[in-house]
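I opened a new page in my notebook for this one. Here is what I looked up, in the order I went.

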Amino acid sequence: MKHLLTINDLSLMEIEQILHDAQSFSKGEKWNPAEKTFVANLFFEPSTRTRMSFEVAQKKLGFEVLNLDCGFSSTQKGETLYDTVRTMEEIGAKAAVIRHSKDRYFEELAGKVNIPIINAGDGCGNHPTQSLLDLLTIQQEFIVLQGLKVVIVGDIRHSRVARSNAEILHRLGAKVYFSGPREWYDASLAEDHYLPMDEACEMADVLMMLRIQHERHECKSGMTSGQYHEAYGLTPAREKRMKDQAIIMHPAPVNRGVEIADELVECERSRIFKQMNNGVFVRMAVLKWALEENLKEETANGYLVK
Ligand code: CP
């Protein structure tokens with residue numbers, strides 16, 4: 001059973017195919033499952049973009065969408081995640097899209113469930129569809145990622161985007177750097193790739209700002225929002241010193257006036273809302289990939305008798 005749990009579950013060829021399909025979907029290409037197909041969305045943590053864009057993607061592909069209202073589901077009575085997903089499987093869902101606050105929640109499912117799991121974000125761990133939509137946005141801008149300078153700025157340690165994006169961008173030949181508060185840096189990342197914020201803004205082709213993940217902080221940092229903005233935020237003065245062709249990205253939701261000045265969120269070089277638009281097409285391509293891969297597996301194993 002093929003799942004999409006981390007971006008490293010995909011080969012470079014599979015990533016290329018998903019980005020190609022996403023680009024085709026953005027231009028109006030159609031694809032539908034051969035028969036009525038149910039998919040389940042299980043969001044145990046808040047989400048606006050990921051949840052809504054998965055639902056739009058599913059509806060555009062003609063799926064029947066099952067949205068579990070997690071606050072009123074039997075998980076509130078203590079039912080395990082495994083039993084919840086097995087229930088979805090038994091009632092006919094052909095895939096489950098899951099967001100959960102627990103890091104690597106999927107380890108309790110892998111090898112035990114018979115429908116593909118698409119990770120829509122696990123704790124501080126992974127967010128593979130965000131990485132894919134970020135890649136599509138960068139590729140649309142620069143075509144070739146080889147040698148591109150990407151700087152990831154901010155709350156790196158608590159982000160589920162920073163490490164997976166750094167890994168996949170590195171695999172694709174980009175040069176990845178980091179900036180932000182030292183106390184939120186991740187010790188597993190290369191020390192010599194850490195830059196002061198002013199230098200980061202001047203050298204970046206892609207400046208990827210991260211949200212401060214207040215909900216994952218064990219204690220408050222000593223900084224006010226204003227102090228953070230001055231020290232590590234993208235201010236109008238810093239934006240003016242960026243390269244002419246450089247772009248600004250942010251996975252959103254944005255803390256306006258903290259990671260990025262309010263007036264820069266929709267400035268000419270910002271691709272923040274483009275990222276959200278691309279999210280629909282990337283998620284259509286991921287759902288197609290998951291369904292097709294598992295159909296191939298079922299056919300090869302002789303489960304499907306047509
Ligand atoms: N970028 C992102 O994952 O946003 P949501 O939390 O709103 O889904």
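My entries below go from the domains to the core and then to the ligand.

**Entry 1: the domains.** I started by reminding myself that this is a predicted model. I looked up the domain assignment and found domain 1 (7–127 + 276–300) and domain 2 (128–272). Their centres, taken over C-alpha atoms, are 26 Å apart. I then checked who takes part in the contact: 25 residues from domain 1 and 21 residues from domain 2. On the domain 1 side, helix 1 (12–26), helix 2, strand 4 and helix 9 each give two or more residues. Helix 9 has the largest share of that side, with six residues. I sorted this side by class too and got 10 nonpolar, 12 polar and three charged residues.

**Entry 2: the core.** Next I went to the largest nonpolar core, which has 83 residues. Ala96 and Ile152 have the most contacts inside it. Helix 9 (residues 272–300) turned up again, giving the most to this core with 11 residues. Where does the core lie with respect to domain 1 and domain 2? Both domains give residues to it, so it lies between them. I picked Ala96 for a closer look. Leaving out residues up to four places away in sequence, Ala96 touches Ala40, Leu42, Val85, Met88, Ile115 and Ile117.

**Entry 3: around the ligand.** I listed the residues around the ligand: Ser47, Thr48, Arg49, Thr50, Arg51, Gly121, Gln130, Pro251, Ala252 and Pro253. By class they come out as three nonpolar, five polar and two charged. Helix 2 (residues 49–60) gives the largest share, three residues. Domain 1 and domain 2 each supply at least three residues to this shell.

**Entry 4: the record.** I checked UniProt, where an unreviewed entry puts the feature "binding site" at Arg49, Thr50, Arg99, His127, Gln130, Ala252 and Pro253. I chose two of these to follow up.

**Entry 5: His127 and Gln130.** I found His127 in the loop between strand 4 (117–122) and helix 4 (128–142). Is His127 buried or exposed? It counts as buried because 25 other C-beta atoms lie within 10 Å, and the cut-off is 20 or more. Beyond its neighbours within four places in sequence, His127 contacts Gly121, Arg160, Val161 and Ser164. Gln130 sits in helix 4. Gln130 is buried as well, with 24 C-beta neighbours inside 10 Å. Its contacts, with the same kind of sequence neighbours left out, are Val161 and Pro251. I noted that Val161 appears in the contacts of His127 and in those of Gln130.

Conventions. Residues are numbered from 1 along each chain as its sequence is written. This is a predicted model: local features need pLDDT of at least 70, side-chain atom pairs count only at pLDDT 80 or more; totals for chains, interfaces and linings use all residues. A residue is near a molecule or strand if its C-beta atom, placed from the backbone, lies within 6 Å of it. Helices (H or I, at least four residues) and strands (E, at least two) are DSSP runs, numbered from the N terminus. Ala, Val, Leu, Ile, Met, Phe, Trp, Tyr, Cys and Pro count as nonpolar, Asp, Glu, Lys and Arg as charged, and the others, Gly among them, as polar. Domain bounds come from an automatic or database domain assignment. UniProt positions are given in the numbering used here, feature names are shortened, and annotations may be inferred rather than shown by experiment. A residue is buried if 20 or more other C-beta atoms lie within 10 Å of its own, exposed if 12 or fewer, and partly exposed in between; C-beta atoms are placed from the backbone. Two residues are in contact if their C-beta atoms, placed from the backbone, lie within 7 Å. A nonpolar core is a set of buried Ala, Val, Leu, Ile, Met, Phe, Trp, Tyr and Cys residues joined through C-beta atoms within 7 Å.
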